[in-house]
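Work through the exercises below with the sequence and the structure at hand. Try each task before reading its solution.

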Amino acid sequence: MAELLTLAVIGLGTYAMRAAFLVMAHRAPPARVARLLPYVGPAVLAAIVVPAFVAPHGTIALAETAPALLAAAAAWLAWRRLKRNLPIALFGGLAVWWIASWAVSAAGGLGLGPS
Amino acid sequence: MTTLAAPTPVVHRAVRDVLPVVLAYAPFGLALGATLAATHLPAWVAWASSPLMFGGAAQLLAVQMLNAGAAGVLVVLGALVVNARMLLYSAALAPHTAAWPRRWRWLAAYFMADPVYALAITRFTGTDADGPRERLRYYVTVGLLMWPAWMGLTGAGVLLGGVLPTSLRLDLAAPLTFLLLLLPMLTSRPAYAAAVTGGTVAVAASGLPLGLGLLAGAAAGIAVGGWLGGRDG
């Protein structure tokens with residue numbers, strides 16, 4: 001059960017980080033810090049998301065990067081045009097990704113593009 | 001606090017906000033569950049990462065590293081680096097939660113997954129300002145719906161792991177879901193700049209070990225956002 005123990009330690013550490021400021025903070029953060037806080041969300045989420053689209057499996061390869069970026073653009077467009085409808089944007093993005101991946105591999109199979 | 005569970009407009013609002021997020025999380029949750037089941041770990045141990053961590057990115061990393069036979073210390077280190085963003089979330093939420101009773105803040109910390117943070121911070125910094133009680137009701141409602149949804153989705157993914165066709169590729173579901181959490185936060189020029197910088201630096205630093213590229217991108221993005229925000233404001 002070493003694996004369960006490892007997962008539990010990660011869980012405890014994660015909980016400690018989540019609680020750190022939420023539970024321990026007694027007063028408002030200094031102005032210099034408070035000025036940065038609105039940018040936590042955009043910076044962190046973009047740092048997760050952008051590499052996952054640009055290099056889906058760790059390296060930039062046209063056959064994988066292009067469909068992923070196309071899917072991201074489609075999801076973004078759907079979210080903006082359709083009143084921020086999350087499910088439609090998500091499943092629309094997935095559908096575009098499936099079609100584009102299929103098209104790239106079909107083109108590759110015919111010797112037309114990157115394989 | 002006895003009336004906390006009474007339905008109020010803010011509770012309805014929370015339900016309305018979280019349901020589409022739950023639906024959007026379905027492919028990610030199912031795919032993660034299937035990935036957990038495909039490891040050599042006992043299925044229930046792999047699934048236990050859901051209640052223990054309540055965050056898909058670190059669950060995926062930890063279980064995959066364990067499956068590859070990585071040393072426990074390295075697995076803990078890698079997952080905690082990925083989850084270090086929770087420190088930032090905690091700091092960003094703290095000014096909005098300071099008036100909550102302490103025991104509720106302990107509970108709120110457990111619920112602080114990416115979607116809960118994203119919905120809460122968007123609500124708390126929006127134009128219509130809630131009081132502390134309304135904020136607490138909103139947050140707890142979102143957490144109480146997101147938590148069982150995540151347990152159920154990953155559990156269903158574990159059970160369905162062998163049944164889902166392998167041609168049904170869902171690995172882009174996670175980044176698409178996070179993209180949809182990011183988009184509502186892009187409300188100003190400095191916020192865009194923070195996102196562009198964070199993403200660019202994270203790509204450039206993606207070769208760093210232990211997923212440190214994420215932290216490098218986050219730090220650079222926050223710094224640029226704060227710099228532009230201070231200059232514009």
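**Exercise 1.** How many residues of the lining of the second largest pocket are nonpolar, how many polar and how many charged?

*Solution.* Keep in mind that this is a predicted model.
Step 1: collect the lining, which has 22 residues.
Step 2: sort them by class, which gives 11 nonpolar, 4 polar and 7 charged residues.
Step 3: look at the middle of the pocket, where Arg13(B), Asp17(B), Leu119(B), Thr122(B) and Pro184(B) are the lining residues nearest the centre.

**Exercise 2.** Which helices each supply at least two residues of the lining of the second largest pocket?

*Solution.*
Step 1: from chain A, take α5.
Step 2: from chain B, take α1, α7 (114-124) and α9.
Step 3: find the main contributor, which is α1(B) with 5 residues.
Step 4: add the volume of this pocket, about 570 Å³.

**Exercise 3.** Describe the largest pocket by its volume, its lining and the helices around it.

*Solution.*
Step 1: the space in the largest pocket comes to about 1400 Å³.
Step 2: its lining consists of 46 residues, and those nearest the centre are Ile48(A), Ala52(A), Ala55(A), Pro56(A) and Leu60(B).
Step 3: by class, 32 residues of this lining are nonpolar, 11 are polar and 3 are charged.
Step 4: on the side of chain A, α3 (40-54), α4 (62-81) and α5 (86-109) each give at least two lining residues. On the side of chain B, α1 (9-37), α3 (56-67), α9 (173-182), α10 (189-204) and α11 (212-232) each do so too.
Step 5: the largest share, 6 residues, is supplied by α3(B).

**Exercise 4.** What secondary structure elements does chain B contain, and why can chain B be called as compact as a globular protein of its length?

*Solution.*
Step 1: count the elements, which are 11 helices and 0 strands in chain B.
Step 2: compare the radius of gyration of chain B, 18 Å, with the 17 Å that the globule rule gives for 233 residues. The two values are close, so chain B is as compact as a globular protein of that length.
Step 3: note the extent along the principal axes, where the C-alpha atoms of chain B fill a box of roughly 50 × 45 × 35 Å.

**Exercise 5.** What percentage of the residues in chain B is buried, and what supplies the area that chain B exposes?

*Solution.*
Step 1: a residue counts as buried under 20% relative accessible area.
Step 2: by this cut-off, 55% of the 233 residues in chain B are buried.
Step 3: chain B exposes about 9400 Å², and carbon and sulfur atoms supply 70% of this area.
Step 4: turn to the contacts in chain B with a separation of 6 or more, of which 78% join residues 24 or more positions apart.

Methods. Residues are numbered from 1 along each chain as its sequence is written. Chains are lettered from A and ligands numbered from 1 in the order in which they are written. This is a predicted model: local features need pLDDT of at least 70, side-chain atom pairs count only at pLDDT 80 or more; totals for chains, interfaces and linings use all residues. Side-chain values use heavy atoms; hydrogens and water are left out. On a 1 Å grid over the protein atoms alone, a cavity is a set of points where a 1.4 Å probe fits but cannot get out, and a pocket is an open set with protein on both sides within 12 Å along at least five of seven lines; lining residues have an atom within 4 Å of a point. Grid points are joined across faces, edges and corners, and a volume is the space filled by probe spheres set on the points. Helices (H or I, at least four residues) and strands (E, at least two) are DSSP runs, numbered from the N terminus. Ala, Val, Leu, Ile, Met, Phe, Trp, Tyr, Cys and Pro count as nonpolar, Asp, Glu, Lys and Arg as charged, and the others, Gly among them, as polar. The radius of gyration is taken over C-alpha atoms; the globule rule is 2.2 Å times the number of residues to the power 0.38. Buried means under 20% relative accessible area, exposed over 50%, partly exposed in between (1.4 Å probe, protein chains only). Contact means heavy atoms within 4.5 Å. Accessible areas come from the Shrake-Rupley method with a 1.4 Å probe; for residues, only the protein chains shown count as cover.
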